[in-house]
Amino acid sequence: MALAIISATLLLQPAMGISGAQTSFGTFEGNPVTLYTLKNKSGMTAKIMDFGATVVSISTKDRKGRFDDVALGFDTFDPYPTKSPYFGAIVGRIGNRIAKGKFTLDGKEYTLAVNNGENHLHGGKQGFDKRIWTVLTKPTAENPSITFQYVSADGEEGYPGALTVTVKYTVTPQNALKIDYAITTDARTIHNITNHTYFNLGGKSAKDILGHRLQIKATQMTPVDKGLIPTGKLRAVKGTPFDFRTPKGIGTRIGAKDEQLKFGGGYDHNFVLDGKAGSLRRAINVFEPRSGRTMEVWTTEPGVQLYTGNFLDGTLVGHGGKKYLHRGAFCLETQHYPDSINQKNFPSVVLNPGQTYKSTTIYKFGAR
Ligand code: GLA
């Protein structure tokens with residue numbers, strides 16, 4: 001009897017590995033790629049690789065205590081460099097867009113790769129998501145935390161200044177994935193670094209995310225043009241499909257006749273988070289009714305991009321052979337607003353030598 005219970009429990013908690021485990025996951029440009037397991041005492045697990053400092057999988061409990069996969073990713077390394085739409089990756093040096101790939105800093109004009117229509121997206125051709133990061137500290141059984149560092153050379157992808165980026169992931173005892181960023185530079189430059197995890201709290205058998213209930217504590221958003229570049233205005237969400245100040249189904253108004261939703265093919269927009277940027281505040285609550293899973297997002301960042309997997313179309317096959325369908329996941333990319341360097345009224349993304357930019361985002365999981 002006891003054995004039966006133990007083996008049933010093991011079946012429900014698929015072999016997610018022990019904290020501190022590391023396995024070789026593949027090679028990139030001849031260099032080894034390693035996958036690390038971070039696991040807390042209650043069994044919440046995140047697997048993270050050094051390529052792109054990418055979150056490959058996250059496993060959390062539902063209301064019955066069953067573990068399942070809540071983040072999109074691939075079971076093998078192969079598709080990551082060429083096919084991944086930034087699944088779980090750290091994006092930068094500038095996450096999100098820069099209009100026409102151009103900006104001026106201290107009187108000098110810089111030209112970046114144009115890789116999204118006529119605009120620059122997520123750091124260019126080979127952004128931080130396609131670099132192998134150095135591991136500064138490895139996870140252990142006692143401390144499910146890993147620290148990565150990447151030094152982006154002066155001129156890489158057209159950006160000025162050598163940028164040193166440290167990203168520390170921790171699976172906390174409170175069942176959160178905590179991400180701490182620290183950024184320094186040797187010359188004036190710009191930065192907007194975020195994590196691009198795709199979530200579906202319904203687990204592996206869930207299809208789209210339209211039934212998730214979402215609350216974003218944002219009174220305003222930044223409306224965009226058809227290339228998803230902000231107009232520079234801050235628009236009140238009141239009376240629009242962007243009003244998530246009280247919990248709403250993601251799918252409730254996604255099909256509304258609304259120019260902004262049309263431009264994004266759904267939600268692909270930056271929300272201006274209420275409260276003081278720089279202070280860690282609970283900005284977002286998500287609830288998935290079928291599994292009961294919840295996720296809180298806490299951040300020090302001024303904004304968040306809600307992206308509802310509008311470009312997913314069932315062609316990518318991820319964990320356990322699952323087809324990632326249209327709107328099969330959502331991202332909540334905590335960030336500075338898109339194209340901030342070209343908008344004088346947006347919070348600054350300029351970093352000076354001698355300064356350390358610190359930022360924290362926490363994805364905290366639960367169930368009810
Ligand atoms: C971000 C962008 C989207 C899309 C996804 C990845 O969320 O805003 O337009 O590029 O990344 O596909």
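Which residues is alanine 236 in contact with, leaving aside its neighbours within four places in sequence?

## Alanine 236

In this predicted model, alanine 236 is in contact with Thr219 and Gln220, once its neighbours within four places in sequence are left aside. Alanine 236 belongs to strand β20, which covers residues 235-236. With a relative accessible area of 44%, alanine 236 is partly exposed, because that value falls between the 20% limit for buried and the 50% limit for exposed.

Leucine 316 follows 80 residues away in sequence, and its C-alpha is 36 Å in space from that of alanine 236. Leucine 316 is also one of the residues of a core of 19 residues, described below.

## The ligand site

Twelve positions are listed around the ligand: six nonpolar, three polar and three charged. They are Pro85, Tyr86, Arg97, Leu121, His122, His196, Tyr198, Asp268, Gln305, Tyr307, Phe311 and Glu333.

Some of these residues place side-chain N or O atoms close to ligand oxygen. For arginine 97, a side-chain N or O atom is 2.7 Å from an oxygen atom of the ligand. For histidine 196, the corresponding separation between a side-chain N or O atom and a ligand oxygen is 2.7 Å. For glutamate 333, a side-chain N or O atom is 2.8 Å from an oxygen atom of the ligand. On its own the ligand has 300 Å² of accessible area, and the protein covers 95% of it.

Histidine 122, another residue around the ligand, is in the loop between β10 (120-121) and β11 (134-137). Its phi is positive, about 50°, although the residue is not a glycine. Histidine 122 has 5% relative accessibility and therefore counts as buried, the limit being under 20%.

## Nonpolar cores

In soluble globular proteins, nonpolar side chains tend to be buried together. Here the largest nonpolar core has 55 residues, and the members that touch the most others are Tyr169, Ile216 and Met295. Strand β13 (residues 163-171) supplies the largest share of this core, with five residues.

What does isoleucine 216 contact beyond its neighbours within four places in sequence? The list is Phe244, Arg245, Phe271, Leu273, Ala283, Ile284, Val304 and Leu306. A further core, apart from the largest one, has 19 residues, including Phe28, Phe87, Tyr198 and Leu316. Of these, Tyr198 is also among the residues around the ligand.

## Asparagine 195

Is asparagine 195 buried or exposed? Its relative accessible area is 1%, so asparagine 195 is buried. This residue lies in strand β16, residues 194-195.

The side chain of asparagine 195 reaches the backbone oxygen of glycine 88 at 3.1 Å. Not counting residues up to four places away in sequence, asparagine 195 touches Val55, Gly88, Ala89, Ile90, Tyr169, Ile179, Tyr181, Glu333 and Tyr363. Among these, Glu333 also appears around the ligand, and Tyr169 is a member of the largest nonpolar core.

## Backbone geometry

The peptide bond from glycine 92 to arginine 93 is cis, with omega near 5°. Arginine 93 sits in the loop between β6 (90-91) and β7 (97-98).

Lysine 100 is not a glycine, yet has a positive phi of about 55°. This lysine is in the loop between β7 and β8 (102-105).

## Positions in sequence and space

Glycine 292 occupies the loop between β23 (281-287) and β24 (293-299). Its relative accessible area is 0%, so glycine 292 is buried. The C-alpha atoms of glycine 292 and alanine 367 are 5.0 Å apart, although the two residues are separated by 75 residues along the chain. Leaving aside neighbours within four places in sequence, glycine 292 is in contact with Arg63, Phe287, Gly366, Ala367 and Arg368.

Serine 57, in strand β4 (residues 54-61), counts as buried because its relative accessibility is 8%. Its C-alpha is separated by 29 Å from that of arginine 253, with the two positions 196 residues apart along the chain counted as their separation. Serine 24 is in strand β1 (residues 22-28) and counts as exposed because its relative accessibility is 68%. Serine 24 and tyrosine 36 are twelve residues apart in sequence, and their C-alpha atoms are 8.9 Å apart in space.

Key:
Residues numbered from 1 in each chain as written. Predicted model: local features only at pLDDT ≥ 70, side-chain atom pairs only at ≥ 80, totals over all residues. Heavy atoms only, no water. Near = heavy atom within 4 Å. Polar contact = N/O pair within 3.5 Å; in protein donor to acceptor, adjacent residues only side chain to side chain. Areas by Shrake-Rupley, 256 points an atom, 1.4 Å probe, with all protein chains shown as cover. Nonpolar A, V, L, I, M, F, W, Y, C, P; charged D, E, K, R; others polar. Core = buried A, V, L, I, M, F, W, Y, C linked by side-chain atoms within 4.5 Å. Buried < 20%, exposed > 50% of the residue type's maximum accessible area, 1.4 Å probe, protein only. Helix = DSSP H or I, 4+ residues; strand = E, 2+ residues; numbered from the N terminus. Contact = heavy atoms within 4.5 Å.
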